[in-house]
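Dear colleague,

Please find below the structure that I am handing over to you, together with its sequence. My account of what was found in it follows directly after.

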Amino acid sequence: MKIGINARGLSIPVGGVASYMDRLIPRLIRTDRTNDYVVFHSSCRHVGSFAGAQEVFIPPRHPLLWENVWLSRAARKYGIDALFCPKNLVPLFLPRTIKTIAVVLDLLYFPVMGERFSEYLWQDTLYMRLFLRRSLKRTDRIIAISENTRRDVDALCPAVGDRLTTVHLGVGPIREESLSEERRQFIRTRYGLNTPYIFYCGSLSPRKNIVRTLEAFAAIKGNIPHNFVVTAGKSWKDRPVFDAVKRLHLSDRFVKLGTVPVEDMPALYGMADMFVYPSLYEGFGLPVLEAMACGCPVLTSNTSSLPEVAGDAALTVDPRDASSIASGMLKILTDREEAERLRNKGLERARRFTWEKTARETIDVFNSLSATTISVKPPMNADN
């Protein structure tokens, strides 16, 4: 088959979509010995990123037209047999002769767990609410990135049936030099991290539950020497976090690094005495695995997909209870045996989730589209 990939998600500056695609697409191309790939870009700066695939730049007109009209035309022009859409929707006007595979990362466009966590522009939310169910009903294969997300999709659109498959995300491998003492010293100096610290990476949006975690940290700060270090670039509705820092008198213990280069992350994880990820809802929760892969003990929530990802290799707490978070944090930071147990369990757990495994299972989904149902046709002349 000739498989097209909708790579518009690479142009999204922050979030899990670009990270997922950046890690998965090269491994699909490298691993797959059966299918050919055409990557359709909406940003010219990404063209040339994927050796071994044909790459096509489609000028970035209005995103709705790009995805539904121009991508559909390009798929026909380049003789695509199946189109892989890593961000929920398949194009509205794609011919049914072209098979489709969509990935659902999460369902934050809809109320989940009885709450509205939407962190997207209202236009995007409206678009997804209008068209996602319709897209799921007509998509030939659907990939959910966790069993929890799979259940959410089933609840939203029971008609998907056996077209829905779970394919977990991956992590690593972590290069030894990225965790070396030399590298750690460089990172300490670069970010001024001369005090033991608790680490969190991600946005400061309400769903991430940082205000309640700061309340937990404030309750135990007199018993520990640690700072609370976060990455966090610009976030949706993050003002309450900074208000909480002032209200709880944490200004001298709260460190915001901002956007951090990917190559600095392993050392930041590895030097932390604990990684906290108290999110109220996740489609997967990749930072939990990343911290484990770097040998950092993890505390996370007992909700949504996080217990599925963490297994018995993290300390899970009730994210809605600040005292539960505080007790968990204090246990990891003061009980050396527990911290070491979590460190070892985490390393073992992370080895079970690799991007190579994610690629192989994704290719299996592609290949489940029977070749007899594919309309094989020569590509159209580029001048047509």
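I begin with the second largest pocket of this predicted model, which encloses about 310 Å³ of space. It is lined by 18 residues, and those closest to its centre are Ile174, Ala293, Cys294, Leu347 and Arg351. Helix 8 (265-271) and helix 12 (336-350) each contribute at least two residues to this lining. Sorted by class, the lining of the second largest pocket consists of 10 nonpolar, four polar and four charged residues.

Ala293 also belongs to helix 9, where Leu286, Pro287, Val288, Leu289, Glu290, Ala291, Met292 and Ala293 are buried. Helix 9 (residues 286-293) is thus mostly covered, with eight of its eight residues buried. Just after helix 9, Gly295 adopts a positive phi of about 80°.

Beta sheets

One open sheet is built from six strands in the order 10-9-8-11-12-13, with parallel pairing. Its edges are formed by strand 10 (254-256) and strand 13 (315-317), each of which pairs on one side only. From one strand to the next, the twist of this sheet averages 25°. Within the sheet, strand 8 and strand 9 (residues 227-230) are paired in the parallel sense over four bridges. Phe199 stands opposite Val229, a residue of strand 9.

Another open sheet has seven strands, arranged in the order 3-2-1-4-5-6-7 and paired in parallel. Here the edge strands are strand 3 (54-57) and strand 7 (164-166), and each pairs on one side only. The twist averages 20° from one strand to the next. Four bridges join strand 2 (residues 36-41) to strand 3 in the parallel sense. Val38 has Gln54, in strand 3, as its bridge partner.

Aromatic pairs

A search of the whole structure gives 15 aromatic pairs. In one of them, the rings of Tyr20 and Trp355 have centres 6.3 Å apart and planes at 55°, so this pair is classed as tilted. Tyr20 lies in helix 1 (residues 16-31) and Trp355 in helix 13 (residues 355-367), so the pair ties together parts that are 335 residues apart in sequence. Both Tyr20 and Trp355 are buried.

Tyr200 and Tyr277 form a stacked aromatic pair, with 6.0 Å from centre to centre and 25° between the planes. This pair also links distant parts of the chain: Tyr200 is in strand 8 (residues 197-200) and Tyr277 is in strand 11 (residues 274-277), 77 residues apart. Are these two residues buried or exposed? Tyr200 has 0% relative accessibility and therefore counts as buried, as the cut-off for that class is under 20% relative accessible area. Tyr277 is buried as well, with a relative accessible area of 3%. Both tyrosines belong to a cluster in which ring pairs link Tyr197, Phe199, Tyr200, Tyr269, Phe275 and Tyr277. Phe199 of this cluster is the residue that stands opposite Val229 in strand 9.

Cavities

Turning to enclosed space, the count comes to four cavities of 30 Å³ or more. The largest cavity has a volume of about 50 Å³. Its lining is made up of Asn6, Arg8, Gly9, Ile12, Val17, Met21, Glu67, Pro86 and Lys87. These residues divide into four nonpolar, two polar and three charged.

Backbone features in loops

Three positions in loops may be of interest when you inspect the backbone.

- The peptide bond from Gly172 to Pro173 is cis, with omega near 0°. Pro173 is located in the loop between strand 7 and helix 5 (181-191).
- Asn88 has a phi near 75°, a positive value in a residue other than glycine. Asn88 lies in the loop between strand 4 (82-85) and strand 5 (99-104), and is buried, with a relative accessible area of 4%.
- Asn209 has a phi near 70°, again a positive value in a residue other than glycine. Asn209 is placed in the loop between strand 8 and helix 6 (210-220), and is buried, with a relative accessible area of 4%.

With kind regards

Terms used. Residues are numbered from 1 along each chain as its sequence is written. This is a predicted model: local features need pLDDT of at least 70, side-chain atom pairs count only at pLDDT 80 or more; totals for chains, interfaces and linings use all residues. Side-chain values use heavy atoms; hydrogens and water are left out. Rings of Phe, Tyr and Trp (its six-membered ring) pair if their centres lie within 6.5 Å; planes under 30 degrees apart count as stacked, over 60 as edge-to-face and the rest as tilted. Buried means under 20% relative accessible area, exposed over 50%, partly exposed in between (1.4 Å probe, protein chains only). On a 1 Å grid over the protein atoms alone, a cavity is a set of points where a 1.4 Å probe fits but cannot get out, and a pocket is an open set with protein on both sides within 12 Å along at least five of seven lines; lining residues have an atom within 4 Å of a point. Grid points are joined across faces, edges and corners, and a volume is the space filled by probe spheres set on the points. Ala, Val, Leu, Ile, Met, Phe, Trp, Tyr, Cys and Pro count as nonpolar, Asp, Glu, Lys and Arg as charged, and the others, Gly among them, as polar. Two strands pair if DSSP finds at least two bridges between them. Axes are lines fitted to C-alpha atoms, for helices over the stretch in contact, and angles run from 0 to 180 degrees between N-to-C directions.
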